[in-house]
Amino acid sequence: MELKPLVIFSHGKESGPASRKILQLRQIAEKDGANTISIDYTQTQDPAERVTILVKTELPAHKGLILVGSSMGGYVSSQASEVLQPDGLLLMAPAIGLTGYPNLSPTPVAHDIAVVHGWDDEVVPVEQVIAWARKHKLKMLLVQDDHSLHQEVKTVGKLLTAMIKGLHTPLSESVN
């Protein structure tokens, strides 16, 4: 049996594992040949507990790991990346620099990292995320949208597709 990439979705603080955005992105990932998991964090709103849930999740055998997180899920994915060492990290409007979070500036760890943030985000100030992305020299895409990024799901999907396809490309080919 050929191993497939694994994409793990982490939802936001007041969202759920079957939110419209996650369902659309799961469909894209599965069409691109990946297996997916959408973790249910609804039993807690504590970001540290959510990181523990993600890190302790038993993962099926896979060839390449991508963490995808939205808002608090972006924070959780970024924080957990230090332990899980994914190949890809795709963060949508990550909850960076917010009070009540144990680490105001988590260090994201992955070979391929992309951040998508809306100019009109009313929950996580875009300036905080720009400063964080600059500090870590991350690829960042700023879009005309709000915190939900519902208008830009197709854009996020294209980034996810590129990450999944990048798992199949040897480094020597991806440089050209």
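The exercises below work through the sheet, the helix packing and two loop residues of this predicted model.

**Exercise 1. The sheet**

Determine the strand order of the sheet and find which strands stand at its edges.

Solution.
Step 1. The sheet is open, has six strands and is paired in parallel. Its order is 2-1-3-4-5-6.
Step 2. Strand 2 (35-39) and strand 6 (139-143) each have a single partner strand, so they are the edges, and one side of each has no neighbour in the sheet.
Step 3. From one strand to the next, the twist averages 15°.

**Exercise 2. Strand 4 and its neighbours**

Trace the pairing around strand 4 (residues 88-92), and decide whether its faces are covered or open.

Solution.
Step 1. Begin with strand 3 (residues 65-70), which pairs with strand 4 in the parallel sense over five bridges. Here Ile66 has Gly88 as its bridge partner.
Step 2. Follow the chain between these two strands: it leaves strand 3, passes through helix 3 (residues 72-84) and enters strand 4, giving a right-handed β-α-β crossover.
Step 3. Turn to strand 5 (residues 112-118), which runs parallel to strand 4 and is joined to it by five bridges. Leu91 is partnered by Val115 of strand 5.
Step 4. Continue outward to strand 6, which pairs with strand 5 in the parallel sense, also over five bridges. In that pairing Gly118 is opposite Val143.
Step 5. Now check burial, taking under 20% relative accessible area as buried. Five of the five residues of strand 4 are buried. One side carries Gly88, Leu90 and Met92, the other Leu89 and Leu91, and both faces are covered.

**Exercise 3. Helix 2 against helix 3**

Classify the arrangement of helix 2 (residues 47-56) and helix 3, and list the residues in contact.

Solution.
Step 1. The two axes come within 9 Å and cross at roughly 50°.
Step 2. Angles between 35 and 65 degrees fall in the oblique class. Helix 2 and helix 3 are therefore oblique to each other.
Step 3. Their crossing is right-handed.
Step 4. Helix 2 contributes Pro47, Arg50, Val51, Leu54 and Val55 to the contact, and helix 3 contributes residues including Met72, Tyr75, Val76 and Leu84.
Step 5. Helix 3 also lies across strand 1 (6-10), strand 3 and strand 4, and runs at about 150° to strand 3.

**Exercise 4. Helix 1 against helix 5**

Describe the crossing of helix 1 (residues 20-31) and helix 5 (residues 153-167).

Solution.
Step 1. The axes come within 9 Å, at a crossing angle of roughly 35°.
Step 2. The crossing is right-handed.
Step 3. On the helix 1 side the contact involves Lys21, Gln24, Leu25, Ile28 and Ala29. They meet helix 5 residues, among them Val153, Val156, Leu160 and Ile164.

**Exercise 5. Two positive phi values**

Locate Ser71 and Lys137, and decide for each whether it is buried or exposed.

Solution.
Step 1. Most residues other than glycine have a negative phi. Ser71 has a positive phi, near 55°, and the phi of Lys137 is also positive, near 55°.
Step 2. Ser71 sits in the loop between strand 3 and helix 3, whereas Lys137 sits in the loop between helix 4 (126-135) and strand 6.
Step 3. The cut-offs are under 20% for buried and over 50% for exposed. Ser71 has a relative accessible area of 11%, so Ser71 is buried. Lys137 has 75% relative accessibility, so Lys137 is exposed.

How values were computed
Residues are numbered from 1 along each chain as its sequence is written. This is a predicted model: local features need pLDDT of at least 70, side-chain atom pairs count only at pLDDT 80 or more; totals for chains, interfaces and linings use all residues. Side-chain values use heavy atoms; hydrogens and water are left out. Buried means under 20% relative accessible area, exposed over 50%, partly exposed in between (1.4 Å probe, protein chains only). Helices (H or I, at least four residues) and strands (E, at least two) are DSSP runs, numbered from the N terminus. Two strands pair if DSSP finds at least two bridges between them. A crossover is right-handed if, with the strands pointing away from the viewer, the path from the first strand over the helix to the second runs clockwise. Axes are lines fitted to C-alpha atoms, for helices over the stretch in contact, and angles run from 0 to 180 degrees between N-to-C directions. Angles under 35 degrees count as roughly parallel, over 145 as roughly antiparallel, 65 to 115 as roughly perpendicular and the rest as oblique. A crossing is left-handed if the near helix is turned anticlockwise from the far one by less than a right angle, and right-handed if clockwise. Contact means heavy atoms within 4.5 Å.
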